[in-house]
Amino acid sequence: MKMKKEIFFTIICLMLNSAAFSQSEWFFQNHITNSPGLNSVYFIDNNTGWAVGDASMVLKTTNGGRNWVSQPSVLGNLYSVYFTNSNTGWIVGGGKIYKTTNKGINWIGSQPILTENNSFFSVFFINNDTGWVGGFARLIKTTNGGTTWTEHNYGGTTLNCSIYFIEENTGWVVDGSSEIFKTINGGTNWISQPSGINTHLSSIFFINNNTGWAVGFEGAIIKTTNGGSNWIDQSDGNSTSLISVYFVNNNTGWTVGGSLGTILKTTNSGVNWISQDVGYSGGLRSVFFINDYLGWAVGRNTTILSTSPNDVGITSIIEPTPGSANYADCISGKTIIPKTLIKNYGVNNQY
């Protein structure tokens, strides 16, 4: 009888664990109704990441999202976060740029350039020294880790909301219009690259000098294979506004947005996009992946989603009888059965 129970439990563990990964489901790590929204998420490895948002919210995890800890507050709404290593990172929001050199324990703010529209919405660094920050029709650059900043006229006239550089000289900007701007000399000169669509673009991502994607309002998804000289429409017919896009290789990528928790995934370089079940009816604002399987998305109501059940903040674990052959594996984290697979629950449920 004991052997049969152990065999049965082994089968259940394997089936549920396999199902969780094969279906690429998303699992809640955090959700608090009527709380500030999160606008950006960034991880440096499988365990360590940050999420920032409205009302001075800065959250950090060192265990893949099982727990998120609030870090010392900085003032204002925060829109973008970027780290170059486990110690050094930047946050932008309002008219401030904040930098940490000690894992986020302390954040030092700077006011690099004051103008009438002094708000920053995007940050991107190539290394510890060279990086870019964007705002209302503004693009500023540092080559000394943020000690000083210089203004660069890239030609945009609206909201600079996404920056991506593939190396120090070659990068792109989308600024909320339908235009894409590119530099091949570190920002000294910029050229406009017509996207071929008439809607606002909100995020851009490249995997090499030639291949990249941009997404935007009304479900816009476009792709280039020649560095942006030409763009191909890959929209899937979804009219939801898309806010963030991320690819891990030439084939596999995700885009998120909308007011109903939209997540779209492609495994064939954007030819087809599949809607993923989120179980969440609020807007998502940022997506980030470490590899083909492990990623996070954040959005309204301090929502944090992860693709890995082993990284869910609060899970229900079905434990076998202590001493059985599978007991150690299941409680050690090798097999964690997420609550979504054993009980239906809503996003407002208090775990």
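1. Salt bridges come first. This predicted model holds two salt bridges. A salt bridge here is a side-chain nitrogen of Lys or Arg within 4 Å of a carboxyl oxygen of Asp or Glu. The model is predicted, so local features need pLDDT of at least 70, side-chain atom pairs count only at pLDDT 80 or more, and totals for chains, interfaces and linings use all residues. Residues are numbered from 1 along each chain as its sequence is written, and side-chain values use heavy atoms, with hydrogens and water left out.

2. Take Arg285 and Asp54. Their side chains meet in a salt bridge at 3.5 Å, N to O. The pair links distant parts of the chain, 231 residues apart. Arg285 sits in strand S26, while Asp54 sits in the loop between strand S3 (49-53) and strand S4 (57-61). Strands (E, at least two residues) are DSSP runs, numbered from the N terminus. Arg285 is partly exposed, with a relative accessible area of 27%. Buried means under 20% relative accessible area, exposed means over 50%, and partly exposed lies in between (1.4 Å probe, protein chains only).

3. Now the other pair. The side chains of Glu151 and Arg138 meet at 3.4 Å, N to O. Glu151 lies in strand S13 (residues 150-151) and Arg138 in strand S12 (residues 138-142), so the salt bridge ties together parts 13 residues apart in sequence. Is each partner buried or partly exposed? Glu151 is partly exposed, at 40% relative accessibility. Arg138 is buried, at 4%.

4. Stay with strand S12. Leu139 lies in this strand. Leu139 is buried, with 0% relative accessibility. The C-alpha atoms of Leu139 and Gly155 are separated by 9.7 Å, and the two residues are 16 apart along the chain.

5. Strand S11 pairs with S12. The two run antiparallel over five bridges. Two strands pair if DSSP finds at least two bridges between them. Gly134 stands opposite Leu139 in S12. S11 and S12 form a hairpin with two residues between them. Ala137, in that turn, has a positive phi of about 50 degrees.

6. How many residues of S11 are buried? Five of the five residues of S11 (residues 131-135) are buried, so the strand is largely enclosed by the rest of the structure. In a regular strand the side chains alternate between the two faces of the sheet. In S11, Gly131, Val133 and Gly135 point one way. Trp132 and Gly134 point the other way.

7. S11 also pairs with S10. Five bridges join these two strands, which run antiparallel. Val123 stands opposite Val133 in S11. A hairpin joins S10 to S11 through five residues.

8. Look at S7, S8 and S9 next. Strand S7 (residues 89-93) and strand S8 (residues 96-100) run antiparallel, joined by five bridges. Gly93 has Lys96 in S8 as its bridge partner. The S7-S8 hairpin has two residues between its strands, and Gly94 in the turn has a positive phi of about 60 degrees. Three bridges then join S8 to strand S9 (residues 108-110), again antiparallel. Here Lys99 is partnered by Ile108 in S9.

9. One open sheet has four strands in the order S2-S3-S4-S5, with antiparallel pairing. Its edge strands are S2 and strand S5 (69-70), and each pairs on one side only. S4 and S5 are joined by two bridges. Val69 in S5 is the bridge partner of Lys60.

10. Another open sheet has the order S1-S28-S27-S26, also of four strands with antiparallel pairing. Which are the edge strands? They are strand S1 (27-30) and strand S26 (284-289). The twist averages 25 degrees from one strand to the next (axes are lines fitted to C-alpha atoms, for helices over the stretch in contact, and angles run from 0 to 180 degrees between N-to-C directions). Five bridges join S26 to strand S27 (residues 295-299). Phe289 stands opposite Gly295 in S27.

11. Last, the largest pocket. A pocket is an open set of points on a 1 Å grid over the protein atoms alone, where a 1.4 Å probe fits, with protein on both sides within 12 Å along at least five of seven lines. Lining residues have an atom within 4 Å of a point. The largest pocket holds about 850 Å³ of space. The lining has 39 residues, and Ser80, Cys161, Ser162, Ser203 and Ser244 lie nearest the centre. Among the elements that give two or more residues to the lining are strand S2 (38-43), strand S10 (120-125) and S26.

How values were computed. Grid points are joined across faces, edges and corners, and a volume is the space filled by probe spheres set on the points.
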